[in-house]
Amino acid sequence: MISLGIETSCDDTSVGIVDQSGKILAQIRASQDRVHQVWGGIVPELASRAHLENILPVVDMAFRESMIHPDDVDIITCAYGPGLVGSLLVGIETAKALSLAWNKPLIGVNHLRGHLAAVMLACPEMAMPSLGLLVSGGHSEVIYIEPDSTVKMLGETRDDAAGETLDKFGRVLGLTYPAGPEIDRMTFIGDQNAIQFPVTKLKDGSMDFSFSGLKTAGVRAIEKHPEMSKEDLASSFMKAVVDQLLDRLLLAIEKTEAKSIFIVGGVASSAYLKERVTKLGDSVGLPVFVPPPSLCTDNGSMIAYCGFLYQQFGRKSGLDLQPQSRLPITAM
Ligand code: KG4
Ligand code: ZN
């Protein structure tokens, strides 16, 4: 069985071709970073136009790389939400057209379930139940996956997401969008204790996150310490973001019976986050699973593989599939 996955929920146009054993036959990604960099963040109108330009060449390149023929594809999958509606529409309508033209079943996938599928694709040995973080530009959630694949959300952000927080701080620091990768690199160079940011705690042992206070404190620190190196500022800030992520993860470990820990989403590409979560896993005796960076940031392979998981539940979409700007991770 072979699945073709289309991902256009935000600012990357990506197509993956994956077989059911988890082998990635092709993964192509057209980044829009340069389109949005001048604006310091994603401009939805420009994102959908860029997806329109990129989608068919990216599908074509994926087939060339995989060296398979469209006849060999068994299912066509696409992310249908959450995300930018104009961006999602491009991927959804392309998937519908391919499904109709090639007479293959269409499966619309929740983008967030796609991020979870990335770790199942990369780490099939991961023991269940598993506990983890989904950390990206738009989402920060504590997730528990039951042995029967039921997904529970134990905590979510009450304001900004972790990636968004890094990107906004980086913008004030003068870094190009998205700033997460550069901040991550700087964390290994600067002094992580140059500035001590407090870890925001919420009442009643809540596992929710709140990053807006930290973001304001980070911007103030940049203004207050013009003498300080960008590396010191960035590494202190990154440490504070990760301190909060790990604080909630530890709370969740204490409250659940997890047999493993995972991190997924764009921010899970961070070498620093991976190092800190691995240390936490060692200290509590739980193995840690992290997909490679190419499967952490938005990609078509995670959507393609998630299509197989949906198929096991008998899920199929019709040509009336619509984009959903908001979609909880608990929804299929
Ligand atoms: O999952 P993703 O590609 O798109 C969304 O669904 O949001 O995540 C993008 C986010 C951006 O905020 C970006 O700055 C962050 O992931 N990111 C990183 C790294 N690579 C990407 N953050 C920290 N370290 C990285 N290496
Ligand atoms: Zn994403």
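Me: Are D243 and R276 buried or exposed?

Reply: In this predicted model, D243 is buried, and R276 is buried as well. The word applies to a relative accessible area under 20%.

Me: Why is the pairing of D243 with R276 called a salt bridge?

Reply: The closest N and O atoms of D243 and R276 are 2.8 Å apart. Since the limit between a side-chain nitrogen of Lys or Arg and a carboxyl oxygen of Asp or Glu is 4 Å, the pair therefore qualifies.

Me: What makes this a link between distant parts of the chain?

Reply: D243 belongs to helix α8 (residues 230–255) and R276 to helix α9 (residues 271–284), and 33 residues separate the two in sequence.

Me: How do you know that R185 and E182 are about one helical turn apart?

Reply: Both residues stand in helix α6 (residues 180–187), and they are three residues apart, which means a separation of about one helical turn. Their side chains form a salt bridge, with 2.8 Å from N to O.

Me: Why is R185 called partly exposed?

Reply: The relative accessibility of R185 is 44%. Partly exposed covers the range between under 20% and over 50%, so R185 receives that name. E182, at 29%, is likewise partly exposed.

Me: What makes E146 and K152 a salt bridge?

Reply: Their side chains come to 2.8 Å, N to O, and the cut-off is 4 Å, so the term applies. K152 has a relative accessible area of 40%, and therefore counts as partly exposed.

Me: Which residues are linked in a network of salt bridges?

Reply: The network joins K201, D247 and R248. The structure as a whole holds 14 salt bridges.

Me: Why is the site of the zinc ion (ligand 2) called irregular?

Reply: The angles among its four donor atoms run from 92 to 146°. A tetrahedral site would need every angle between 85 and 135 degrees, and 146° exceeds that limit, so the tetrahedral label fails. The site is accordingly classed as irregular.

Me: Which residues coordinate the zinc ion (ligand 2)?

Reply: H111 and H115, each through NE2, and D298, through OD, coordinate the zinc ion at 2.1 Å. In sequence these donor residues follow the spacing H-x3-H-x182-D. H111 and H115 lie four residues apart in helix α4 (residues 111–122), which means that about one helical turn separates them.

Me: How do you know whether H111 and H115 are buried or exposed?

Reply: H111 has a relative accessibility of 6%, and H115 has 0%. The limit for buried is under 20%, so both residues are buried.

Me: What makes up domain 1 and domain 2?

Reply: The domain assignment gives residues 2–115 + 295–312 to domain 1 and residues 127–290 to domain 2. Their C-alpha centres are 27 Å apart.

Me: How do you know that domain 1 and domain 2 meet?

Reply: In domain 1, 14 residues are in contact with 14 residues of domain 2. The two domains bury about 1,100 Å² between them, and 65% of this area is on carbon and sulfur atoms. L112, H115 and C296 supply 44% of the area that domain 1 buries against domain 2, more than any other three residues.

Me: How many salt bridges are counted between domain 1 and domain 2?

Reply: The count between these two domains is zero.

Methods. Residues numbered from 1 in each chain as written. Chains lettered and ligands numbered in written order. Predicted model: local features only at pLDDT ≥ 70, side-chain atom pairs only at ≥ 80, totals over all residues. Heavy atoms only, no water. Donors = N, O, S within 2.8 Å, 3.2 Å for Na, K, Ca; no water. Tetrahedral: all angles 85-135°; square planar, octahedral: opposite > 155°, others 65-115°. Buried < 20%, exposed > 50% of the residue type's maximum accessible area, 1.4 Å probe, protein only. Domains from an automatic or database assignment. Contact = heavy atoms within 4.5 Å. Buried area = accessible area lost by both parts, 1.4 Å probe.
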